[in-house]
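Here is a short briefing for a reader who is new to this structure. Take a look at the model first, then work through the points by topic.

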Amino acid sequence: MRSIRFVFIAITLALATHSVSANYLVWSVSTGDKVQRSDMDGSNVTDLTPDLQQNPYGTSGGPWGVATDSSTVYFTQDNDSRLYSVGSDGTNLSELGNSISGVGNARDIHVANNQLYWGTWSGDLQTSGLDGSGVTTLSSGNGFMQGIFASDDYIYWTNSSSSGKSITRSDLDGGNKTDLVTTDLSIPYGIWATDSSLYWVDLGLGTLSTSDLLGNNISTVMTSLTNPSGLTIYDDQFYYTEKNGGIWSANLDGSNRTQLVSDPRDVRFIDVVRTSTTGTGGNGSASIPEPATLTIMSLGLVGLGFARRRRSQA
């Protein structure tokens, strides 16, 4: 009887630690007018959207910024003052609410604190709910905004304005704006933050650089990149795009640079659909046990109770 009990316990514990692991890379292809997805190794490339310049969408530019949560991909369109969403499985493509009202020409976009954050060509830092409601301009005069990242406390963005390039930070309400980095920048583009560091790519210099969260201790991690555009970090790996060069990965020290997807089109921003907590460095979500796992766990507990009852009656 004791051996049966141990078997039930072992099965229950093993299955309890098994969770859904279906993380995906997603990126925008501006000249291809699509948002695409692949497995983390670049395999199984799939279109999440149709050609977005065709009816009924009729947008005037290709997809640009992308951001994700555990099941939804949010994206902006070049030369189009609207926000869109699509399921990570390619279903439910839609414009977010009446978001055309008040949205500037949005560039990159990020999800944090159950909000969307984005910057515009004209230098407006904006936010809305995940459904596109409540569009609010947090601050203006931020230059030519490109990449954006929002944490629990701050918003970071890149500014490639010819009048003054910068890596800039503000509070979540747009206040206390501070230029963290203002030197050795050409066309700063995608940006990402961890608990201790900032990372950004520069399309003009062909570099990936880092600093601490205050913009100090700047160093170059990688050089000789070909028009790097988007950047995200997951599971201690860089994932970045090269305009006309596809999707790449590398270790955080710049080693083991690998092309995951080859694409000669205008590939822009990138993010990871995080549906498990096996990775670090981004906005992870809780592990979700599969339905079959829950069923077998329940059977294991019932069996354990039955075994205990029989032993008490013996």
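A residue counts as buried when its relative accessible area is under 20%, as exposed when that area is over 50%, and as partly exposed in between. With that rule in hand, start at strand β5, residues 72-77: 6 of its 6 residues are buried. Keep in mind that this is a predicted model.

**Strand β5 and its neighbours**

- β5 shows two sets of side chains. Thr72, Tyr74 and Thr76 point one way, Val73, Phe75 and Gln77 point the other way, and all are buried.
- Strand β4 covers residues 63-68 and runs antiparallel to β5, with 4 bridges joining the two.
- Thr68 has Val73 in β5 as its bridge partner.
- β4 and β5 make a hairpin, and 3 residues lie between them.
- β5 also pairs with strand β6, residues 80-87, in the antiparallel sense over 6 bridges.
- The hairpin of β5 and β6 has 2 residues between the strands, and Asn79 there takes a positive phi near 60°.
- Which residue of β6 is the bridge partner of Phe75? The partner is Tyr84.

**Aromatic pairs**

- How many aromatic pairs are there? The count comes to 6.
- Phe75 and Tyr84 form one that is stacked, at 5.4 Å centre to centre and 15° between the planes. These two residues are also bridge partners across β5 and β6.
- Is Phe75 buried or exposed? Phe75 counts as buried because its relative accessibility is 0%.
- Tyr84 has a relative accessibility of 4%, so Tyr84 counts as buried too.
- Trp121 and Phe144 form another pair. Their ring centres are 5.9 Å apart and their planes stand at 80°, so the pair is edge-to-face.
- This pair links distant parts of the chain, 23 residues apart. Trp121 sits in the loop between β9 (115-120) and β10 (125-129). Phe144 sits in the loop between β11 (136-139) and β12 (145-150).
- Trp121 is at 34% relative accessibility, so Trp121 counts as partly exposed.
- Phe144 is partly exposed because its relative accessible area is 28%.

**An open sheet**

- The strands β20-β21-β22-β23, in that order, form an open sheet of 4 strands with antiparallel pairing.
- Which strands lie at the edges? They are β20 (228-234) and β23 (258-261), and each pairs on one side only.
- Neighbouring strands of this sheet are turned by 30° against each other on average, direction ignored.
- Strand β22, residues 246-251, runs antiparallel to β23, and 3 bridges join them.
- Ile247 stands opposite Val261 in β23.

**Cavities**

- A search of the whole structure finds 2 cavities of 30 Å³ or more.
- What is the volume of the largest cavity? The volume is about 60 Å³.
- The residues that line the largest cavity include Val66, Asp108, His110, Trp192, Leu231, Phe269 and Asp271.
- Three elements, β8 (106-112), β16 (188-193) and β24 (267-273), give two or more residues each to this lining.
- The lining of the largest cavity divides into 8 nonpolar, 2 polar and 2 charged residues.

Conventions
Residues are numbered from 1 along each chain as its sequence is written. This is a predicted model: local features need pLDDT of at least 70, side-chain atom pairs count only at pLDDT 80 or more; totals for chains, interfaces and linings use all residues. Side-chain values use heavy atoms; hydrogens and water are left out. Two strands pair if DSSP finds at least two bridges between them. Axes are lines fitted to C-alpha atoms, for helices over the stretch in contact, and angles run from 0 to 180 degrees between N-to-C directions. On a 1 Å grid over the protein atoms alone, a cavity is a set of points where a 1.4 Å probe fits but cannot get out, and a pocket is an open set with protein on both sides within 12 Å along at least five of seven lines; lining residues have an atom within 4 Å of a point. Grid points are joined across faces, edges and corners, and a volume is the space filled by probe spheres set on the points. Ala, Val, Leu, Ile, Met, Phe, Trp, Tyr, Cys and Pro count as nonpolar, Asp, Glu, Lys and Arg as charged, and the others, Gly among them, as polar. Buried means under 20% relative accessible area, exposed over 50%, partly exposed in between (1.4 Å probe, protein chains only). Rings of Phe, Tyr and Trp (its six-membered ring) pair if their centres lie within 6.5 Å; planes under 30 degrees apart count as stacked, over 60 as edge-to-face and the rest as tilted.
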